[in-house]
Amino acid sequence: MEFNWTLFAQYLILGVTNGALIALIALGYTLVYGIVELINFAHGEVFMMGAFLSLTAVSAFGVLSNAGWAQIALISLLALLAAMLFSGVLNWSIDRVVYRRLRSAPRLAPLIAAIGVSFILQGIGIYWKGSTTVLPPNLIPTDVRSVNILTDWLGLETRIRFRALDLAVILLTIPLLLGLSWLVYHTRTGKAMRAVAQDRGAAALMGIDVNRTIAIAFLVGGVLAGAAGFIAAYYTNTARFQMGFRYGLFAFTAAVLGGIGNLNGAVLGGLIIGLVWSMSDGFLQTYISWWGAQWTPLIIFGVLVLVMVFKPTGLLGEAVPEKV
Amino acid sequence: MADLARTQTIGGRSTSADVAAPRSRRDIVVFGAILIFLIAFPFIDQRWELRLMGALLPIGIYAVLAMGLNIVVGYAGLLDLGYAAFFAIGAYTVGFLTSPSSVFVRAGVVPPFFQQFWPALIAAFIVAAVFGVLLGAPTLRLRGDYLAIVTLGFGEIVPNFFLNAVPLTGGTRGINPIAKPPTLGPFDFGQTAQRNWYWLILGIGLVSIFIILRLYNSRLGRSWQAIREDELAAASMGINLTRTKLWAFALGASFSGFAGSLFSAAFQYVHPSQFEFTLSILVLSAVILGGIGNVYGAVIGAVLIGSFDRILAERLTVPLNALGERIGSDWLASHNVGEDRYVVFGLALVLMMLLRPGGLFPSKQRAAELQPDSEDISVQEQQDLFDVLQHDDELSDVRGGQVA
């Protein structure tokens with residue numbers, strides 16, 4: 001059978017957009033893990049809450065039936081900022097109320113508490129939007145959704161669809177990634193974060209406020225998750241209280257695959273997982289008749305287990321000897 | 001919290017509440033009274049029309065699950081988040097072996113002996129243990145939180161496989177019927193014979209408690225506790241870490257598989273949605289609520305969590321909705337208490353970790369995995385020394401009596 005390049009390119013585009021989304025969530029896991037060595041199990045739910053808030057925010061701003069590009073962009077921007085702020089503050093408060101009290105407890109105690117927080121947030125999600133799948137308000141009209149850059153704007157003769165919506169996801173993600181990189185590598189706060197990640201005790205001796213630095217890591221991770229929540233809600237046009245579990249675990253897999261604690265690794269892992277996801281969802285089916293989207297979680301969790309067992313440091317992470 | 005933990009530090013004192021069953025006469029009386037109440041409960045249920053029998057079967061099975069998870073989490077200090085996977089493996093093993101609709105039975109590859117309930121139950125026990133070893137062998141050398149995530153991944157893969165491997169498992173159709181236990185004298189185990197099922201599960205639960213208590217005091221049980229308290233020290237004392245952890249994992253898994261096979265037979269069908277992550281967390285909440293490392297705590301935790309899940313969630317909804325209509329609260333009027341399970345499980349985990357890491361009924365030597373780290377070693381050492389001095393007599397007693 002001849003290789004279907006058109007279809008491959010199509011799923012490549014989907015994979016990159018999914019990957020960008022996963023990378024945003026994965027960064028939250030990796031930031032927090034790098035600093036406090038905690039798998040913030042509730043991070044997926046912080047993302048879900050961001051998605052839910054962006055739905056509520058857009059409904060509150062009101063959607064105009066004949067909104068133009070400028071209005072859509074403005075409302076989107078406001079909803080995006082609201083979701084980022086909300087998720088950031090939420091993640092920060094979780095750390096303040098729960099994890100900080102368990103800072104000196106052994107590793108499993110905060111992890112169990114994090115699982116608990118994740119369940120509480122899912123419960124709140126049900127109270128907020130119900131236990132069924134929610135349709136977001138019609139922020140982006142269908143005709144705008146289906147604009148294909150390649151044919152409609154560039155006038156190319158192709159069957160590949162690269163929608164303005166896909167482009168928007170990538171355009172929203174890149175500045176966030178650059179911003180994070182700037183924060184971590186070019187500011188005093190970032191330096192403090194790296195110092196605390198390296199050695200908490202020594203950082204404290206150097207006059208760094210450790211708790212404040214950890215709190216900022218949670219805040220920043222939450223902000224990124226909130227942005228991802230907004231994007232996921234309007235890109236896929238669905239939201240559900242359980243969405244955080246699936247996305248969260250996929251993103252965690254991405255973080256582990258890239259090397260947990262490593263920012264570039266999270267982005268790389270996100271892209272890989274995004275590609276695996278889209279290829280497994282659609283592309284493989286053309287070659288393996290019984291394959292389908294239902295096998296995707298199996299593949300990705302398989303990757304998670306295999307990486308953890310055979311290369312726990314991931315692709316870009318470095319081996320850290322366990323402290324006794 | 002640090003103070004609370006320090007009084008319960010490690011030490012060599014093996015005078016735990018878990019040691020053997022009743023010791024004093026008072027304990028025997030209390031134990032006997034509870035036992036009689038439990039055995040007589042079906043008659044009480046009938047007399048006052050409580051209609052609790054249907055809910056008590058799953059609660060009893062949760063209790064067996066919690067006891068098994070308690071071996072893994074409480075005794076050996078390994079956090080297993082994919083416990084439901086073994087439950088699924090047990091349930092599907094019995095389904096594959098005994099159901100007339102199973103592919104294997106129709107292909108004629110299952111010997112008639114294994115198509116009966118009890119042999120299939122034992123097969124499920126063994127198959128789950130084998131899977132426990134298969135998962136545990138490569139993963140148990142991982143650090144605690146990594147192990148938790150690997151087991152979680154496994155716990156997602158297994159039900160997902162059963163859901164999607166339609167030719168094998170029937171997918172969402174599930175498998176039914178399942179073989180029933182053969183009739184024992186006046187006791188038959190049909191679907192309407194809930195009372196007999198109750199006694200069967202009660203009996204199995206009691207036998208499990210006995211086995212687990214014996215295990216806890218065995219050489220293996222002491223090795224688990226040693227590993228849980230301090231891996232490095234345990235290894236230096238000549239304990240084989242991998243093998244000891246593997247035993248905990250395999251035994252925990254086989255308990256889960258066993259419970260799964262009971263579940264499938266009691267409810268006569270196997271369906272992939274029965275084994276979701278929520279179940280793993282339900283059992284974990286039960287163990288943590290009741291008291292990590294304490295068999296009785298795990299059982300009580302399972303009864304508490306199970307009662308909410310199977311009794312309160314159903315019975316509270318109607319009165320709450322009525323109340324909501326009377327006070328004019330739309331939210332309350334249409335609220336389904338079953339939806340509160342997420343918040344309830346979550347709160348159980350978070351509050352326990354924050355306020356009472358040892359659980360409601362902590363084992364005296366509770367999991368050091370959940371105690372504050374010994375950052376301030378000098379304080380802890382002094383405290384230990386103090387404990388040793390205080391309990392010197394007791395200690396020598398124990399040395400002489402138990403630790404041979």
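**Exercise 1. A salt bridge between buried residues**

Asp145(B) is buried, as is Arg143(B); buried denotes under 20% relative accessible area, exposed over 50%, and partly exposed the range in between (1.4 Å probe, protein chains only). The model is a predicted one, in which local features need pLDDT of at least 70, side-chain atom pairs count only at pLDDT 80 or more, and totals for chains, interfaces and linings use all residues. Residues are numbered from 1 along each chain as its sequence is written, chains are lettered from A and ligands numbered from 1 in the order in which they are written, and side-chain values use heavy atoms, without hydrogens and water.

Task: State how far apart the closest N and O atoms of Asp145(B) and Arg143(B) are.

Solution.
1. The criterion for a salt bridge is a side-chain nitrogen of Lys or Arg within 4 Å of a carboxyl oxygen of Asp or Glu.
2. The closest N and O atoms of Asp145(B) and Arg143(B) are 3.6 Å apart, and the two residues form a salt bridge.

**Exercise 2. Further salt bridges**

Task: Determine how many salt bridges the structure holds over all chains, and examine the one formed by Arg341(B) and Asp309(B).

Solution.
1. Over all chains, the structure holds 6 salt bridges.
2. Arg341(B) and Asp309(B) meet through their side chains in a salt bridge with an N to O distance of 2.9 Å.
3. This pair links distant parts of the chain, since Arg341(B) is in helix α17 of chain B and Asp309(B) is in helix α14 (residues 295-315) of chain B, 32 residues apart. Helices (H or I, at least four residues) and strands (E, at least two) are DSSP runs, numbered from the N terminus.
4. Arg341(B) counts as partly exposed because its relative accessibility is 23%, whereas Asp309(B) counts as buried because its value is 11%.
5. In chain A, Asp95(A) forms a salt bridge with Arg103(A), with 2.9 Å between the closest N and O atoms. Asp95(A) has a relative accessible area of 1% and is therefore buried.

**Exercise 3. The surroundings of two buried residues**

Task: For Leu57(B) and Thr169(B), identify the helix and the residues in contact beyond four places in sequence.

Solution.
1. Leu57(B) lies in helix α3 (residues 53-75) of chain B. It is buried because its relative accessible area is 3%.
2. Beyond its neighbours within four places in sequence, Leu57(B) is in contact (heavy atoms within 4.5 Å) with Gln194(B), Trp197(B), Tyr198(B), Ile201(B) and Phe267(B).
3. Thr169(B) is found in helix α8 (residues 166-169) of chain B. Its relative accessibility is 2%, so Thr169(B) counts as buried.
4. Not counting residues up to four places away in sequence, Thr169(B) touches Tyr92(B), Phe96(B), Phe162(B), Gly174(B) and Ile175(B).
5. In addition, the side chain of Thr169(B) reaches the backbone nitrogen of Gly171(B) at 3.2 Å.

**Exercise 4. The interface of chain B and chain A**

Task: Describe the contact between chain B and chain A by its residues, its buried area and its polar contacts.

Solution.
1. Chain B gives 47 residues to the contact and chain A gives 48 residues.
2. The buried area, that is, the accessible area (1.4 Å probe) that two parts lose on being put together, summed over both, is about 4,200 Å² between these chains, with carbon and sulfur atoms giving 78%.
3. Tyr146(B), Ile149(B) and Tyr342(B) supply 16% of the area that chain B buries against chain A, more than any other three residues.
4. The interface has 0 salt bridges by the rule.
5. There are 6 residue pairs in polar contact, both residues at pLDDT 80 or more. A polar contact is a pair of N or O atoms within 3.5 Å; within protein, one must be able to donate a hydrogen and the other to accept it, and residues adjacent in sequence count only if both atoms are side-chain atoms.
6. On the side of chain B that touches chain A, the elements giving two or more residues are α6, α7 (144-164), α13 (277-290) and α17 (341-355) of chain B. The largest share of that side, 14 residues, comes from α7(B).

**Exercise 5. Chain B as a whole**

Task: Summarise the helices and strands and the burial of chain B.

Solution.
1. Chain B has 19 helices and 0 strands.
2. Of its 404 residues, 54% are buried.
3. Among contacts in chain B between residues at least 6 apart in sequence, 75% join residues at least 24 apart.
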